[in-house]
Structures are given as structure tokens and as C-alpha cells.
Amino acid sequence: MARRTRTSIGTGRPTPFVYAMLAVVLVGSMFPFYWSFLIGSGDASTIYSQNLSWWPGGNFLSNAQEAISNPAVNFWKALVNSIIVSTVTAASTVFLSTLAGFAFAKLRFKGSGPLLVAVIATMAVPVQLGVVPLYIAMSKLGWTGTLGAVIIPALVTAFGVFWMTQYLSQALPTELIEAARVDGCSMIRTFWHLGLTAARPAAAMLALFTFTTTWNNFFWPFIVLDQQNPTLPVALSLLQANYFVDYSLVLAGVLVATLPLLILFIFTGRQLVSGIMQGAVKG
Amino acid sequence: MSTTIAPQSGGSKERVRQDKSQLNWRQRRGQWDVKYSPYLYIAPFFIVFGVAGLFPIIYTAFISLQDWDLVRNSGEYIGFGQYNWVLHDREFWIALRNTFSIFLLSAIPQLVAATVIAAMLDQNLRARTLWRMGVLLPYVVAPVAVSLIFSNMFGDKFGLINTLLSDIGIDPILWHTDIIPSHIAIATMVNFRWTGYNALILLAAMQAIPRDLYEAAAIDGAKTVRRFFSVTIPQIRPTMIFVIITATIGGLQIFDEPRMYDQTGTGGANKQWLTITMYLYNIGWGKFNFGRAAAVAWLLFLIIIAITLMNNYLTRRFVSGEDAVKKSKKTSLKLTAKGGK
Amino acid sequence: MSLSRRKKTLGMAAGATVFALTLAACGSSDPADDTTEATETTENTEPVTLTVATFNNFGYTEELLQEYMDLNPHVTVVHNVAATSNDARTNYFAKLGAGGLADIEAIEVDWMPEVMQYTDFLADLTDPEVEGRWLDWKTAAATDPDGRLIAYGTDIGPEAVCYDAALLEAAGMPSDPDEVAALLEGDWDTYFEVGQDYVDATGKAWFDGAGGTYQGMINQVEAAYENPETGEIIATENPEVKAIFDQLTAVTPEISAHLSQWSDDWFAGLATGTYATMLCPGWMLGVIKGAAPDTTTWNVADVFPGGGGNWGGSYLTVPEAGDNVDAAKALANWLTAPEQQLKALAAAGTFPSQNSALEDEAALNAAMASGEAPTNAEFFNNDSLGTIFSNRANAIEVSPFKGEFYFQVNDAMQNALTRVEDGSQDPTTSWNQFVTEVEGIG
């Protein structure tokens, strides 16, 4: 369905110039990975070397091995925790955001305008002080030290709700909803069949963003979890627990920890490919 | 390009409100399904917010009126004394200046670039997934790697950029001494991380544009650029608004990048790149004056709301509804309105 | 010292050095038998789990903790490590009142002004058994106004002068540690004058930057910024502060490498031999060794301008709200006993604050010569590092008063020095701005 032939797509056919521009962007995007790999494949002094070779050294595997097998790091437990936390958070954020976005974008209810403004306003509150009250709240609820304390505050985000609202208001034709309702679909079935389908490309991206953000999140998990039950950034931060930090180990460890994300990218990438709704609208 | 973006961004709420569909069928389902299920759908957000977001906000508001002791979790009511102090502090205004400067240096180029990249990605590319995933890579890089790379690049004495400059006979730039270079460096870090991210958001919106609109425009003889401005931009307006609002909110709260910019994280010896959130953090966690920090948080909140409203107002003023696409939209709205009532 | 607490990626356990992975080091140090006497098993032998939270690298290896568990089979010790003292500090104060801290929490000396305001949340660790265990000033800094001892000292940061022997030799100067010590013996003027000679001979910088050097100087002033009696800020009128500022800003244009400590440029400068000397507390050895592994000519001279000085150091506290305060106290007591601190020194370079450890020069030298290769002794071409830092510890005469506003004033001063170093302001302008900023504190 997503693979409809697209002959006169978008704003034109790509010229070699477009490919050249995108290639520049791609090289720029990949640079940090390559640079991390360069440092991660050297030794502790590589990062401070004035004549950094653009050819990697030979220590990547041993550095990665050392980072992972450091007993204090607790890598495997952290990996499992990170997968749990990121997956649950991403799935829940996508579902609940799409649900709320569907309501805000396409359903009519009293107070929807002010409520949407309220959602957006919550994003404008600076979070730098939030850690203390949030900790107090989690502690009163008895959730500290558990993955729940990381997952629950992130189950749905204002960002996600706002995005899905805007996306669906554009991508989901109101006629379709009307048609579905005329056919006797309940509200939730309408959401299920139309809302979720229409939202798919944006939802896939929201999932990717949420997963990545959660995956890299350090500070809150650091406060509320401990080394016995960490997420990956909390566990890997131990590699920096020294007066002189060996960044070849840190970057090798970080790169290994990024691999699951890259794998996820390869799978999710296909979901982003295309406008499912054209088919639906026409059909 | 920047001028075309800003004007597009408003009017959203109106449209959203209109679009909020006209579903009043009462045939099979009880009235409550129509009337109340929307509340059910938005409830999870507000429940989670109630658990994890509301208390911190109330707490911050409460302690901003106090001389607050964080550890003892108690304080003495002092009215608006903290606000007064902050508004008379020179550093606050410096931080405000820096925040706006960095915000403008990052938001405008970033949104322009994101839109252009999204438009390029929206074409019939070979190996589409590769290109699309490629632009998101900077967002995936672990923060520690990002901060290392950029401090390596922007070092005043041994940094990569200054080394290259001196190789070609140009004086080194004092990235950590002069105000504007430090803002440019920080904006570069921000743009690096977020351009691809915003490009993909916009791409998702572009993908949802019915292709026949382009075909129609092409038949009318519109060239690529013209199609972009008359079809693409108007069609993605809701998402554009979303991107602008979130970029504004995020940009004015900018914290990680300037904090990572040097080893002290306090904004420079002469506060060259101190931003409001760093100022807030320094007062709270550096000076242990959490009441005052909370007052800064609320002032920043009000500033962000004011800027967002201003944004909205400006966009509405500039939005003209004169293109073909919009007309067709209006027709469809009329249709649905008829069906709805 | 304030430099440390603001540091982002490189937190400071003042004293944490060397590599984290020196697990083997402990096995090679003294066997467990000398530790039994220090162990005070509480009468309660119910199984208990104790959490110990440290940051950076305290040298508390798994072997060391296992040793305690072997001695006290009913105790399980769990160790939580934060990478940076900054993270640890946020965590500490976020939970000190709210609850949720570990049974034993490490703190850095820089947090003391704040910790002292909340000593009622910390258990009183006063115990006849530990009386006289630490240097007097170390204990005094951890005693609250009511006379309660709220923290057990771990390490200190006695300062010496580190230098690159090859660079001195190239300048035609003596490079043997004793000769360098003799050359630099004296006050700060001497250090700067010798520096000027070096600069004249080579055209290269003498020391890294004004920040660290200033820290060495100001730590010799008893009451620099605040009146110990009244707490009033006196920084801007204190002639000693102004004198140091003037003295330093007068020499920095010529002899400083203008690198601000812990910046990337500073590390790169260290790796490329940009300057010949730097003030160095014991834990700095690991930094030099890590950042400049290819330089084989660093050494340490048993000398410090103007006498002695301490930079950094940590403590263990026991939060009163913990479930196992007595058992935690016993473990903190054991961990900070001289025998254990020597093992920590071997594992992580954390130099002891305990009198009997400081007196045992042979053990200190041995600890500095153990650990992962190259050991400190090997890298610095010096097998009496223990003796040197022990002497430097004994040379410390002044315990500077640090009140509520110490770090704010010190930050302002560090910024003032940076503005002069980076050329953005002249000393007078910078000092005036410092005065304005300090007047706004409070």
C-alpha cells in the first residue's frame, strides 16, 4: 500500500544537484559517528592528539570489549532496561499522543481549544528545577529505584500530542471520518481504522524520536535509578568516573550502545516511506 | 525563505478549531460517544501530566514567592521579592540578550534548512530510506560524543577550525572570548542536532499532501519552485506551525549546548554565552537559591508565552488566503460543514 | 577548588586518579590481616545490605569491599558510583531532605559550606576510636558548630610542583627533583621569577594558566573572602586578595600559557608540552599521566611556593535517615581507616588524610609504585612520590575559611582572571567588574 508508484512526486524529480546536496548532508550527519569511531579505535591520548589520523586505529574491539565487560558498568542489565524503558515509552507515547491528537484535530468537544493551549503551555515550563519536585513525587509514590519512575512520567508527552494534532488536522480528511461514522463506526473504531492509519508516517517518526530521546536520556534515570538497576547512559557514565577520562573507552562503549538504535532505524525507516492516505482518499 | 516561513505559521488554531470535525450523528451510538469520548482520548495525557508535570509546576510557582530551603523543603514567604531581585540583576538581562541571539542564530537557519532538506527528501529519490535515516543520525549521537566533537572543533588554541584557519593565514577566532563567535558556535551545535529532526517532521507532513494537487499545479504550468510555495508550504501549514512553536519553546529554553560549550558550564568569564536556563540553573544548583531560581523559571515561562503569542499574531497578519489550494480546502470545509449539521 | 565543582565531564573526587581498572592493584597490597583490628562489628548480626555512594574514583575496589564482607558475613555492600562530583552533588542535595540517599554518601570538601547548614540530617560519627585519626584541619572541617563530627575523611590533595624535566633541561635549568625543589624554594615571587628566566631562555610558557595558580595562592590565605566571625563578605576590601590578583595578573602576560584548567585546550596543551610546570596535588598525577602518556619526562619536586597547600579531598557521611545507621557508621569507619586508605591510594591515587598513613613513608611510596603500568612512580621517574606528598601534606599550615559565599566569590574571581588572560579586559577593568559582581552577591 505504501508502495504506490509515484511518478510525478513532490515538487519535482530529483536532479543530480539534489543528490549532491543530500550527499553533503549525509556526510555531515555521519561525521560524528566516524569521528567517534576514530577516537574509539585509538587509545586514551588519541582525542588530544594534534595530528589525528583519519584512518582508524586497531583498538576498537578491545576498547568496546573493555567497556562492556567492566564489572561496574553492568552493561547487559542496562541494555535490557534501556530496551524496556525505550520500547514502552515509545509505544505508549505514540499511541496516547495519536489518540489525543485525533481528538484535538478531528473531534469537536467543549474546551478543546483551551485544553490544547494548555498542552502546549506545559512545554514552556523550564525543567531545570523539576527534578526535585518530581523526585519528591516519585518518592511519595514509592516508585524510586524502579523502571516505572522513568517510564511513567514519559508515557505521553505534550510534544507528541501537539505534533499528532497538527499532523492529523492536515493528513486525515474530515470527509473520511464522516463517512466512517455514517457507516456506523464507533468513535474508537474510527480512530483505530482511520486515525491510526493516517497517522502512521508521523507515528513512526514520533516512535523513533521518543525511543532515541529515552535511549540517550541521562539525568533523570541517574537520579531515580541506581547502578544496580541502570539504563545504558547511567551505566556507561561509569566509564567517565575517573579523574582522567579515557575517551577511547567511553566512545567505544557509546558506539556499541548506539547500535540497537541504528538497527531500529533500519526497520522503522521503511515505515516512513510514504503517504498512505492518498490511497485511502482516492479509494 | 525565512520570510516565507514565519508568515505561514499562524492561524493554526482557527483552522484546527474549524477542522475539529462536525460529527454529530446520533444514529447508532449513544450521544455520549460523540460528546464524551474525546475527553477520554485526551485524558491519558492529562493524567500523566497530573502525576509527573503538575506538581513540579505548582511547586515552582509556590517556591518562587519564598526564600526557599531546598533540603528542608520549607521557606519563608517574601512575596515578589525574588522576581524583583532578578529583574534588577544585570546578569538576567545579559542572559536574555544571549538567549535571543542564540535563538535567532539557530532557529532561522535551522528551519530554512530543514524545509529545504525535507523538500529534497520528498522527491522520488533512489534509496529513499537511506537518505531519510541519514539526516536523523545527528539526533542519535550520544550527547557526550557531540560535546566532545564540538569542543574539539571550537577550541581557541588547539581547535580544529582555528588550526585550519591559521593554515590558510587567517587569524584564529576567539570562540570562547568574543560574544558573537560563541553564539555562532553554540548555534552550530544546535543546528547540527536539530535540523534533520525538524526536516523529518516536515517531510512527514509533505508526504501527506495529496499528489494530485501537484499534478494540477503542474498542468497549470507551475514550475518546481512555484509549486513549492503555492502547494507544499500552504499544505503543511499545521506542521509548520508545530515546528515553529516547538523550535521557539525549545530555543528559548536552550540549555544543554551552551552548558556543554566549556568545562565550567557557567556561560563564560564575562557571561558571553550565559542563557536564561543556565542562569536559572546556576542560581538554583550553584548558589542554592531555589526560590529565586523558580522566579526565573516563571519569568522565562511568561517570556516564552509572550513570544509564542507574538509569533502567532504576526503570522496571522501575514497569512493571505489567496492560493488555489486554500480555496479548495475551503470548499471541502463547506462540504463537511453541511454534512455535519 | 571551585574549578572542580563546576567541572562537567571530569568530576573530581579530589584524589581520584589513575585508571579505574586497576583492580589487580589491591591484590598486591597488604593482606587482610592488618585490617581486622580496625573492624568493629556491631552486635547486631542480622543480615544487612549497605549501599555506598561515591563519585569519580575513590579507590574502593570490589576486592576491598569484598574484604569487608568476608570480615562481616552478615553485611552485603553495594557500591554506587556517579561519574562526576557535579552529578553526585545534585543527587545529594536533592535527596538529603527528601530521603533516598545511600547508607554512606561520599561528599567533596567543596560542598562543605552547604553540608554544614544541614548537619542535622547527618549522623554524628564522633567515636573515641577515630580520635586523632586524621590531620587536625581535615577533622576540623568536618565538625559542625555543635561539635558533632559529621564526616570521616578519606583523601586530601597536598600540592607540589610538577614539571617537565626535558623542557627545563632545554632551557639550561636544573631538572633533578631535588635541584628543582631547591631552585623553587621560597615564595610566589621566586616561582614567578624562575618562570621569567625560563620564558626568557625558551620563549615558551612557564605554567598552564592563572586559574589553577590562583587557587594555589588563595588557599594559603586564612580568611580570604569572608569574615569567619561574622560571615560578612570582605573579598573586595581584603588587601591580600587584591595583592594576589595584582601579583598574578602582572606576571601572566609573560609566563602563562593562558589555558583555562580542564578545557580541551588545556588537555591538548598538556599533551603537547606547552608549559613547563604546574601546581599539582597528588590526584593530578593521574591526569598528567593520562593526558600526556607519551611524555616520559614529567617529574615532581618536593616544593610548593609559599609553603604548603591543599586542593580538594573528600569525606564519607552517613545520612541520619538511613535504615542502618550503626552498621553504616562501622563500614565508614573501616573504609577510612589508614590501612584501607593506603589500598585506595594504590588503586586510585587518593592520597591519605590519616596521620598514621602519612607517617608510613615506605607504605606510601610502595602504594605510589603500584597499580596499572606505568605506575605513578614509573611515569614520573620518581620512587619517592609518597615521601614527597607526605612532606607536602605536613607543610600545610593554613586551613582557609570557606563560608556560605566562598564559591560565588571565588567563581567571580576566576572569571576576572580569565578575562585578563584571554585579553578581553585589562586588570583594572576586570577587578572593578569583580567588585561589582561581589557586591551583588547575597
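**Entry 1. Chain C overall**

What share of the 442 residues in chain C is buried? I began with this point, bearing in mind that the model is predicted. Buried residues account for 65% of chain C. I then looked up the secondary structure and noted 21 helices and nine strands in chain C. For the contacts in chain C between residues at least 6 apart in sequence, I recorded that 78% join residues at least 24 apart. The exposed area of chain C came to about 14,200 Å². Carbon and sulfur atoms supply 49% of that area.

**Entry 2. The disulfide**

I searched the whole structure for disulfides and found one over all chains. The disulfide joins C:C162 to C:C280, with an S to S distance of 1.7 Å. The pair links distant parts of the chain, the two cysteines being 118 residues apart. I placed C:C162 in strand β4 (residues 152–164) of chain C and C:C280 in strand β6 (residues 275–281) of chain C. Is the link of C:C162 and C:C280 right-handed or left-handed? I noted 50° about the S-S bond, and the link is right-handed.

I also checked the accessibility of each cysteine. C:C162 has 0% relative accessibility and therefore counts as buried, the limit being under 20%. C:C280 is likewise entered as buried, with a relative accessible area of 0%.

**Entry 3. C:T213**

I next turned to a single threonine. C:T213 sits in helix α10 (residues 210–218) of chain C. Is C:T213 buried or exposed? I recorded a relative accessible area of 1% for C:T213, so this residue is buried. What lies 2.8 Å from a polar atom of the side chain of C:T213? I found the backbone oxygen of C:G209 at that distance. For the wider surroundings, I set aside the neighbours of C:T213 within four places in sequence. The residues then in contact with C:T213 are C:W188, C:F192, C:F207, C:D208, C:L248 and C:L279.

**Entry 4. Chain C against chain B**

I examined the contact between these two chains, which takes 39 residues from chain C and 32 residues from chain B. The area buried between chain C and chain B is about 2,700 Å². Carbon and sulfur atoms give 50% of this buried area. How many salt bridges are there between chain C and chain B? I counted one salt bridge. C:D120 forms a salt bridge with B:R72, and I noted 2.7 Å between the closest N and O atoms. In addition, 14 residue pairs are in polar contact between chain C and chain B, both residues of each pair being at pLDDT 80 or more.

I then asked which elements give two or more residues to the side of chain C that touches chain B. They are α4 (85–96), α12 (264–271) and α20 (406–421) of chain C. α4(C) gives the most to this side, with six residues.

**Entry 5. Chain B overall**

Chain B has 16 helices and two strands. Of its 341 residues, 61% are buried. Among contacts in chain B with a separation of 6 or more, I noted that residues 24 or more positions apart account for 69%. Chain B exposes about 14,000 Å², and carbon and sulfur atoms supply 64% of this area.

**Entry 6. B:A247**

I located B:A247 in helix α12 (residues 237–252) of chain B. Why does B:A247 count as buried? The relative accessibility of B:A247 is 14%, and buried means under 20%, so the residue falls within the limit. I then compared sequence and space for B:A247 and B:S106. These two residues are 141 apart in sequence, and their C-alpha atoms are 9.3 Å apart. With neighbours within four places in sequence left aside, B:A247 is in contact with B:F103 and B:L111.

**Entry 7. Chain B against chain A**

My last entry concerns the contact of chain B with chain A, which takes 110 residues from chain B and 112 residues from chain A. I recorded a buried area of about 10,200 Å² between chain B and chain A. Carbon and sulfur atoms give 71% of that buried area. I counted zero salt bridges between chain B and chain A. There are 12 residue pairs in polar contact between these chains, with both residues at pLDDT 80 or more. Which helix gives the most to the side of chain B that touches chain A? I found helix α3 (residues 31–63) of chain B, with 20 residues.

Conventions
Residues numbered from 1 in each chain as written. Chains lettered and ligands numbered in written order. Predicted model: local features only at pLDDT ≥ 70, side-chain atom pairs only at ≥ 80, totals over all residues. Heavy atoms only, no water. Helix = DSSP H or I, 4+ residues; strand = E, 2+ residues; numbered from the N terminus. Buried < 20%, exposed > 50% of the residue type's maximum accessible area, 1.4 Å probe, protein only. Polar contact = N/O pair within 3.5 Å; in protein donor to acceptor, adjacent residues only side chain to side chain. Contact = heavy atoms within 4.5 Å. Areas by Shrake-Rupley, 256 points an atom, 1.4 Å probe, with all protein chains shown as cover. Disulfide = S-S within 2.5 Å. Buried area = accessible area lost by both parts, 1.4 Å probe. Salt bridge = Lys/Arg side-chain N within 4 Å of Asp/Glu carboxyl O.
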